[in-house]
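Subject: A structure for you to look through

Hi,

Here is the structure I promised to pass on. Please open it and keep it beside you while you read my notes below.

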Amino acid sequence: MSYLVLARKWRPQSFRDVVGQEAVVRILQNALRRDRVAHAMIYSGVRGVGKTTLARIMAKALNCEGQGDDPCNECDSCRAMTAGSAVDLKEIDGASNRGIQEIRELKENIRFFPVSSRYKIVIIDEVHMLTTEAFNALLKTLEEPPEHVYFMFATTELHKVPITILSRCQRYELKRVGLSSLGEFFAHIASHEQIAISASALDMIAREADGSVRDGLSLLDQMFSFAAETADGSVAVLDEDVVQVLGLVESAAFVALARAVFASDLASCLDVLELTYQQGVDLQRFAADLLEFFRGMMICKSTSQPASLLDISADELASMQELVEEQSKETLYQLFHIFLQGMEDMHFSRQPRLALEMVFVRAIQVGQISPAAELAGRLSTLIEKSGGAIAPPTQGTVAAPPQPPRPPMPPVSQPPPSEPTGSDTVQAKPPLPTLERLPEKSVARPTAEPLPKPSKPAAVASKPPIPASSEESVVSPPSPSESAAPEVEVVVASSKRDVSRDWQGFVGYVKERQAWMAQVLRLCEAPHIEDGKLIVRYENPADCLVLSQPEKIQALTTYAQDFFQTELSLDICSMDFHQKEGDGPTPRDDRRALGNDPLVKMVAEVFDGQVIGIRTGPKFR
């Protein structure tokens, strides 16, 4: 007899042999025990988790002569179904029998009663491959099947099955088998096959299986064939054999890489990468495993129960927890982000190794990142130690210029009466009332001429202040003698801005108030001020159509005056607005015509290119 692979040899024949699907097995056994079996069932899940196997076991249990909650595998019906010769079990491959004609033949067949069993069982594997017409032909039969028929479906893509089919079935979603369950199952098989294999090798095979029992059995079968015989004649599978055959990287390499990254040792990182590359490991796979390793360290740092979130061995979990003891969450997050971005760069790079080396360079430069709360605490400690004093700004820090102190107002005194001359016809004004006569919280302010605006910044020059004789004094106009004294010169620094240099700042200033208006301003061409007007030109007349409305111009003028601190008006129009009648086309018109030329467009389309610049004139002809 030909060799039977492990995936077929160790296929479960009863519910107690199923690995990792305890919840579904319990539901099915209780349904058999309580006579609550649905007439249509659909099993979904990833490949190799036991969908078709559970359907076959359920079919055997329904027709088993023992009528228990688990097939006996000893009666004629169980042995016939195990051998695949049962007449009343119809197993259909949905990928190759997906048309409406096959479903019609199936409907004709199930009308007849079973030949040797109690029920007719119809199992359709990969049911999502059926056509829409086939599904529609099955609807009525699936909703009200004959009493002697049970339907069982299996699919890896449940979302492709029509909702009308799903609503007529009981759904059983099978999960991925855990790493520990796979490891125990593979160890039992290795012991039965009399082949020695270490626990770490079983962990690597189980991790490579990715929750699929069938994939794991295929890998285990391959390793049994690769294993060498020892001196005593037995067969043993070594860890090095698993790494070599499956193209994996040992977890020790990732631990060494993590230590080198945390220690900012770039040379060690490159050495590990070189060794991995020489072993023929796929760098894409290596980067993915490294990213998964840093994800595990992030989880170990973030939660107190990482074992429930990480499907890894106990030794690898202990190594991760040891590595992250002295690292902060911010550092681990930043490194994870760097490696995640590096994987995307490697995917689109022709030199994935160079891209990965640059990822290590960026990771080394991260260093230790201190949390913001810790930095704030350090700053508070320094301020407390310095007595709350704030250090002056260092070089490079722009500080606001100190404001000169306002000189106190001179005391109020009654000006001496002057003798009117012959030409004087103005009578002397009565003295101002004192503060005692004024209402509470009222202030008398003299009228004075405004100070002239200085042309450029200058130092503040003033005479020494005269102390007030009393707080209850009233401000009065200066006397003629006082007016002859040198005036106080107050200079205000000019805050005017240049349009060409500060235009982007003005656009940001407008964006804070009206975002859409800022987007339109970004499309203008070379704004400048000319004769007190802010000239804003647009190449396309449609761009300035909205801004040309009076209310929009008024609002934008206000923003411009506030930002540039000068009186100006606004002039918004297109480039061609001031073109005189009879003038020839401008160079911009020539460039626009060349860009829209059909021949230019056809050449750009043929060569899969684009026009990035158009130059005209005698120099470029």
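Let's begin with one small pairing you can find by eye: K533 stands opposite S569 in β11. Please bear in mind that this is a predicted model.

**The sheet around that pair**

Strand β10 covers residues 533-538, and its pairing with β11 is parallel, over six bridges. Another pair to look for here is V536, whose bridge partner in β11 is I572. On top of these strands lie two helices. Helix α20 (residues 499-511) packs on the sheet and touches β9 and β10, with its direction at about 115° to that of β9. Helix α22 (residues 550-564) also packs on the sheet, but touches β10 and β11, and its direction makes about 125° with that of β11.

What is the order of the strands in this open sheet? It runs β9-β10-β11, three strands with mixed pairing. The edge strands are β9 (525-530) and β11 (569-574), each of which pairs on one side only. From one strand to the next, the twist averages 20°.

The mixed pairing is easy to follow once you look at β9. β9 and β10 pair in the antiparallel sense, over four bridges, and I529 has L534 in β10 as its bridge partner. These two strands form a hairpin with two residues between them, and D531 in the turn has a positive phi of about 55°. As for β10, five of its six residues are buried, so this strand is largely enclosed by the rest of the structure.

**A second sheet**

Now move to an open sheet of five strands, in the order β2-β3-β4-β1-β5, where the pairing is parallel. The edges are taken by β2 (89-93) and β5 (170-173); each has a single partner strand, so one side of each has no neighbour in the sheet. On average, neighbouring strands here are turned by 15° against each other, direction ignored.

Strand β1 (residues 40-44) pairs with β5 in the parallel sense over four bridges. One contact to find is S44, whose bridge partner in β5 is E173. Helix α2 (residues 22-33) packs on this sheet, touching β1 and β5, and its direction makes about 150° with that of β5.

**One helix with two faces**

Helix α13 (residues 266-278) is a nice one for practice. At 1.5 Å a residue, its 13 residues should span 18 Å, and its end C-alpha atoms are 18 Å apart, which agrees.

Which residues of α13 are buried? They are C269, V272, L273 and T276. They cover an arc of only 100° around the axis, which puts them on the same side of α13. An α-helix has 3.6 residues a turn, so residues three or four places apart point the same way. The buried residues of α13 pack against α12 (251-262), α14 (283-302) and α17 (352-366). On the face turned away from the buried side you will find the exposed residues D271, L275 and Q278.

**The whole protein**

Finally, some overall numbers. The secondary structure comes to 24 helices and eleven strands. Of the 621 residues, 34% are buried. The protein exposes about 39700 Å², with carbon and sulfur atoms supplying 53% of it. Among contacts between residues at least 6 apart in sequence, 72% join residues at least 24 apart.

Have fun exploring!

Best wishes

Key. Residues numbered from 1 in each chain as written. Predicted model: local features only at pLDDT ≥ 70, side-chain atom pairs only at ≥ 80, totals over all residues. Heavy atoms only, no water. Pairing = 2+ DSSP bridges. Axes fitted to C-alpha atoms, helices over the stretch in contact; angles between N-to-C directions. Contact = heavy atoms within 4.5 Å. Buried < 20%, exposed > 50% of the residue type's maximum accessible area, 1.4 Å probe, protein only. Areas by Shrake-Rupley, 256 points an atom, 1.4 Å probe, with all protein chains shown as cover. Expected span 1.5 Å × (residues − 1). Arc of directions from axis to C-beta.
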